[in-house]
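User: I'd like to talk through this model with you, and I'll keep asking how each label is earned. Could we have it on screen first?

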Amino acid sequence: MHIAVIGTGIVGVCSAAWLQRDGHRITFIDPLDAGEACSFGNAGSLSPSACLPVGMPGMWRRAPRWLLDPLGPLTVRWPYAPVVLPWLVRMLRHSTREEVTRIATALRSLLAPIFDCYEPLLAHAGAQALVRRSGCLYVYSSREVAAQWQWGMNLRRSLGVNMVDVERDQLEQLEPDLKGRFRFGILAPENGSTADPSALVKALHARCIADGARSDRRRATGFERQGRRVTGVRLDRGEPLAVDGVVVAAGAWSAPLAARLGERVPLETQRGYHVTVRSSNLGLRHTVMAVEHNLMVNPMAMGLRLAGTVEFAGLKAPPNYARADALLRQGRSLFPQLDTSEVTQWMGHRPCLPDSLPVIGRTRAVENAWLAFGHGHMGMCMGAATGREVAHLVAGRPTQIDLAPFRPDRF
Ligand SMILES: Cc1cc2nc3c(=O)[nH]c(=O)nc-3n(C[C@H](O)[C@H](O)[C@H](O)COP(=O)(O)OP(=O)(O)OC[C@H]3O[C@@H](n4cnc5c(N)ncnc54)[C@H](O)[C@@H]3O)c2cc1C
């Protein structure tokens, strides 16, 4: 088939790469270069352990305090509050222990095969060097403090995640630069990360193009249909593109396209920031998650990246780089030796659903349209497995993962 893949972030590019392996002809539709939107500046962690949703039990008690702090870990810009409030209530409804257990089980099914699903794509693109299996250290100021997150850690373990307690002395051996700040850690040895998320997307995209995919640099605005089938993609200029099928993987911008295919999906964006310290004088060997600070620190090709936090302000509001400054201040307080003379800042739009699960599946009304978006905080982790499952759906093969929790019509 000739399939249009709308969106060249990690999800669209991985979907295209897996579809090409089945012999389909691909046209990418995206006005941007590959890997330039949310897939550009994320923290790059590839974590089979990251199966907990954003809305955790007890969050409703902490959330009001956070929401009032414009530089806090989770904030709402006031003009956007009336828009997002019903969505936040929905998210909190999914934060009971039963719901979190169900969600974590589903997320784990997409996260466990991260490396199996990336491996063939990376090997084919000659991009293996962009992915490392160096482990992730969750670090805490003390073992007592870590106990606050015990329920979630136990849930991860019950789902097969290998997590090893690390006492202070061992922590200092594993990561000498953490000395003095953190006295307890949990090592997820099977985790990995990418040295450059955007380069990873670009490498996979370039391989697809070399294998015959075409690139259309226009914006998709809707679809031409005949009965229950899409026959073309309408674009912001020029003639529609005739297609045999379409995959919507437009990240945080996917909802209007899904609606044109008959699926109303409550997609919201959780905006996140990074600051990358160019010539970091830290020699971190792992991805480090400073849990109490909601801060992820990852050594990358272009420097040390500090990333995290959530801001609700929609797709149009300009970035508030005071939030990136706050990340940097936090980095300096945790690592006083950090050389911060040269830094870059960035804001990206995470595509999020209230249950923290992505949407992966065929639309009800249209036989040849598939949706793959809403990967929230974990799109790099889940991109390759999503692509593999999309290829199964398009081929009409049984999927390797139970996709029921990700159905587009679950809302
Ligand atoms: C601060 C931060 C840290 C993060 N850290 C991690 C991490 O460590 N690990 C992890 O797994 N995830 C992480 N994430 C999440 C991850 O970045 C996202 O889940 C992922 O990039 C989403 O990929 P995507 O392909 O769905 O969307 P995107 O990368 O946003 O791509 C969507 C593409 O669709 C295009 N598009 C939109 N509308 C249209 C249209 N109408 N027509 C054509 N094209 C269109 C856009 O131009 C864009 O290129 C982080 C995110 C942030 C913000």
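User: Which residues of helix α1 are called buried?

Analyst: A word on the ground rules first. This is a predicted model, in which local features need pLDDT of at least 70 and side-chain atom pairs count only at pLDDT 80 or more, while totals for chains, interfaces and linings use all residues. Residues are numbered from 1 along each chain as its sequence is written, and side-chain values use heavy atoms, leaving out hydrogens and water. Now to your question: Ile10, Val11, Gly12, Val13, Cys14, Ser15, Ala16, Ala17, Trp18, Leu19 and Gln20 are the buried ones in α1. Buried stands for under 20% relative accessible area, exposed for over 50%, and partly exposed for anything in between (1.4 Å probe, protein chains only). With 11 of its 12 residues buried, α1 is mostly covered.

User: How do you know that the length of α1 fits a helix?

Analyst: Helices are DSSP runs of H or I with at least four residues, and strands are runs of E with at least two, numbered from the N terminus. The expected span is 1.5 Å times one less than the number of residues. For the 12 residues of α1 (residues 10-21) that gives 16 Å, and the end C-alpha atoms are 17 Å apart, so the two agree. Helix α4, with 15 residues, reaches 20 Å from its first C-alpha to its last, close to the 21 Å expected. Just after α1, glycine 23 has a positive phi of about 90°.

User: What makes a set of residues a nonpolar core, and which have the most contacts inside the largest one?

Analyst: The set must be buried Ala, Val, Leu, Ile, Met, Phe, Trp, Tyr and Cys residues joined through side-chain atoms within 4.5 Å. The largest core here has 57 residues, and Leu19, Tyr118 and Leu204 have the most contacts inside it. Among the elements that each supply at least two residues of this core are β1 (2-6), α1, α4 (97-111), α5 (114-125), α9 (197-210) and α12 (379-395).

User: What does tyrosine 118 touch?

Analyst: Contact means heavy atoms within 4.5 Å. Setting aside neighbours within four places in sequence, tyrosine 118 is in contact with Ile10, Cys14, Leu46, Leu200, Leu204, Met380, Cys381, Gly383 and Ala384.

User: What covers the buried residues of α4?

Analyst: The cover includes α3 (81-93), α5, α7, β20 and α12. Val100, Ile103 and Leu107 are among the buried residues of α4.

User: Which residues come nearest to the ligand, and what makes a residue count as near?

Analyst: A residue is near if one of its heavy atoms lies within 4 Å. There are 35 residues around the ligand, of which Asp30, Ser39, Ser45, Gly376 and Cys381 come nearest. At least two residues of the shell come from each of α1, β15 (268-277), β19 (343-352) and α12.

User: How do you know that serine 39 and glycine 376 make polar contacts with the ligand?

Analyst: The rule asks for a pair of N or O atoms within 3.5 Å; within protein, one must be able to donate a hydrogen and the other to accept it, and residues adjacent in sequence count only if both atoms are side-chain atoms. A polar side-chain atom of serine 39 is 2.5 Å from a ligand oxygen, and a backbone N or O atom of glycine 376 is 2.7 Å from a ligand oxygen. Both pass. As for cover, the ligand alone exposes 1,000 Å², of which the protein buries 96%; areas come from the Shrake-Rupley method with a 1.4 Å probe, and for residues only the protein chains shown count as cover.

User: Is arginine 218 buried or exposed?

Analyst: Its relative accessible area is 17%, so arginine 218 is buried. Arginine 218 sits in the loop between β10 (214-216) and β11 (220-226). Its side chain makes a polar contact of 2.8 Å with the side chain of aspartate 216, and a polar atom of that side chain lies 3.3 Å from the backbone oxygen of glutamate 239.

User: Why are asparagine 294, serine 356 and lysine 179 labelled as they are?

Analyst: Asparagine 294 has 32% relative accessibility, so it counts as partly exposed. Serine 356, at 17%, counts as buried. Lysine 179 is exposed because its relative accessible area is 56%. Lysine 179 is in the loop between α8 (168-174) and β8 (184-188).

User: What is notable about phi in asparagine 294 and serine 356?

Analyst: Phi is positive in a residue other than glycine, near 50° for asparagine 294 and near 60° for serine 356. Asparagine 294 belongs to the loop between β16 (287-290) and β17 (295-300), and serine 356 to the loop between β19 and β20 (359-362).
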